[in-house]
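Dear colleague,

Please find below the structure that I am handing over to you. A summary of what was found in it follows.

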Amino acid sequence: GSWYCVTINQPLGNVKIQGNLYVAGDVTLTLTGNVWATGQVLLDNSGISGLIKLDSTLGPASAVLIADGVVNVDPGAVMEGSGDEHSFLLVISMSTSMNPSAPAVYASNNSNSIVFAAIHGMLRVKQNGKLNAAAAEFLHLEENSTVTYNPNLAAFAVPSSGGGETVGTALGSWQEK
């Protein structure tokens with residue numbers, strides 16, 4: 001499929017990408033709203049710390065990065081909310097892959113404002129990875145990786161306004177259980 005490659009610092013939001021999304025390791029991608037890729041999402045590190053963050057104007061709101069295919073996040077990639085403690089970046093794969101070598105989501109992150117979800121597949125957390133919350137059909141934790149619940153997740157909002165595609169409905173309502 002086609003690739004949408006982010007190789008320079010840029011904003012992106014309220015958009016549906018027909019194909020795959022690639023974010024290079026040395027750039028900052030600022031999400032101004034929800035992003036839906038119909039293919040896979042690859043966040044490269046290459047030894048350089050890349051950054052995906054929510055635009056500060058979102059305040060306490062959250063945003064969704066959703067892929068119909070697999071999501072692979074290199075360990076050095078940094079992902080964060082808007083700066084508000086109630087703002088989260090949800091990274092969701094709709095892939096049904098249960099293959100440990102190519103799971104629906106293969107991720108590592110030490111941010112306190114990221115949520116990974118593999119709704120219909122395997123979420124594999126890379127060695128020493130630390131997540132705040134995980135939603136998956138099957139969760140695979142590598143050595144020294146943890147999922148520690150962040151109480152700010154008890155309730156958060158994903159705005160559907162601003163035009164573009166509404167992708168937050170894939171999760172239905174999200175509440176602490």
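A residue is called buried when its relative accessible area is under 20%, exposed when that value is over 50%, and partly exposed in between. With this in mind, Arg124 and Glu142 are both buried. Please note that the model is predicted.

**Salt bridges**

Arg124 and Glu142 also form a salt bridge, in which the closest N and O atoms are 2.7 Å apart. Arg124 belongs to strand E14, while Glu142 is in the loop between strand E16 (134-141) and strand E17 (146-147), so this pair ties together parts that are 18 residues apart in sequence.

The count of salt bridges in the model comes to two. The other pair is Asp74 with Lys126, whose side chains meet at 3.9 Å, N to O. Here Asp74 is in the loop between strand E10 (71-73) and strand E11 (78-80), and Lys126 is in the loop between strand E14 (114-125) and strand E15 (130-131), so the parts tied together are 52 residues apart in sequence. Asp74 and Lys126 are both buried as well.

**The chain as a whole**

The protein chain contains 17 strands and zero helices. Of its 177 residues, 48% are buried. The accessible surface of the chain is about 7,900 Å², and carbon and sulfur atoms account for 50% of that. Considering contacts between residues at least 6 apart in sequence, 49% join residues that are at least 24 apart.

**Nonpolar cores**

The largest nonpolar core has 35 residues, and the members that touch the most others are Leu21, Met79, Leu89 and Phe116. Strand E14 supplies the largest share of this core, with five residues. Another core, of nine residues, lies apart from it and includes Ile66, Phe88, Val115 and Leu153.

**Aromatic rings**

The count of aromatic pairs comes to zero. Two rings do, however, have a charge over them. The charged end of Lys126 sits over the ring of Tyr106, 4.5 Å from the ring centre. In the case of Lys16, the charged end sits over the ring of Trp36, at 4.2 Å from the centre.

**Individual residues**

Most residues other than glycine have a negative phi. Against that background, two asparagines deserve a mention. Asn14 has a positive phi, near 50°. Its place is the loop between strand E2 (10-12) and strand E3 (15-17). Is Asn14 buried or exposed, or does it fall in between? With a relative accessible area of 24%, Asn14 is partly exposed.

Asn128 likewise has a positive phi, in this case near 70°. Asn128 is in the loop between E14 and E15, and its relative accessibility of 39% makes it partly exposed.

Ser97 is in the loop between strand E12 (89-93) and strand E13 (105-107). Because its relative accessibility is 17%, Ser97 counts as buried. Leaving aside residues up to four places away in sequence, Ser97 touches Ala102, Pro103, Ala104, Gly121 and Met122.

Finally, Asn152 is in the segment after E17. Asn152 and Asn132 are 20 residues apart in sequence, and their C-alpha atoms are 9.7 Å apart in space. With residues up to four places away in sequence not counted, Asn152 touches Glu85, His86 and Phe88. Of these, Phe88 has already appeared as a member of the nine-residue core.

With kind regards

Definitions and conventions: Residues are numbered from 1 along each chain as its sequence is written. This is a predicted model: local features need pLDDT of at least 70, side-chain atom pairs count only at pLDDT 80 or more; totals for chains, interfaces and linings use all residues. Side-chain values use heavy atoms; hydrogens and water are left out. Helices (H or I, at least four residues) and strands (E, at least two) are DSSP runs, numbered from the N terminus. Buried means under 20% relative accessible area, exposed over 50%, partly exposed in between (1.4 Å probe, protein chains only). Contact means heavy atoms within 4.5 Å. Accessible areas come from the Shrake-Rupley method with a 1.4 Å probe; for residues, only the protein chains shown count as cover. A salt bridge is a side-chain nitrogen of Lys or Arg within 4 Å of a carboxyl oxygen of Asp or Glu. A nonpolar core is a set of buried Ala, Val, Leu, Ile, Met, Phe, Trp, Tyr and Cys residues joined through side-chain atoms within 4.5 Å. Rings of Phe, Tyr and Trp (its six-membered ring) pair if their centres lie within 6.5 Å; planes under 30 degrees apart count as stacked, over 60 as edge-to-face and the rest as tilted. A charge sits over a ring if NZ of Lys or CZ of Arg is within 6 Å of the ring centre and within 35 degrees of the ring normal.
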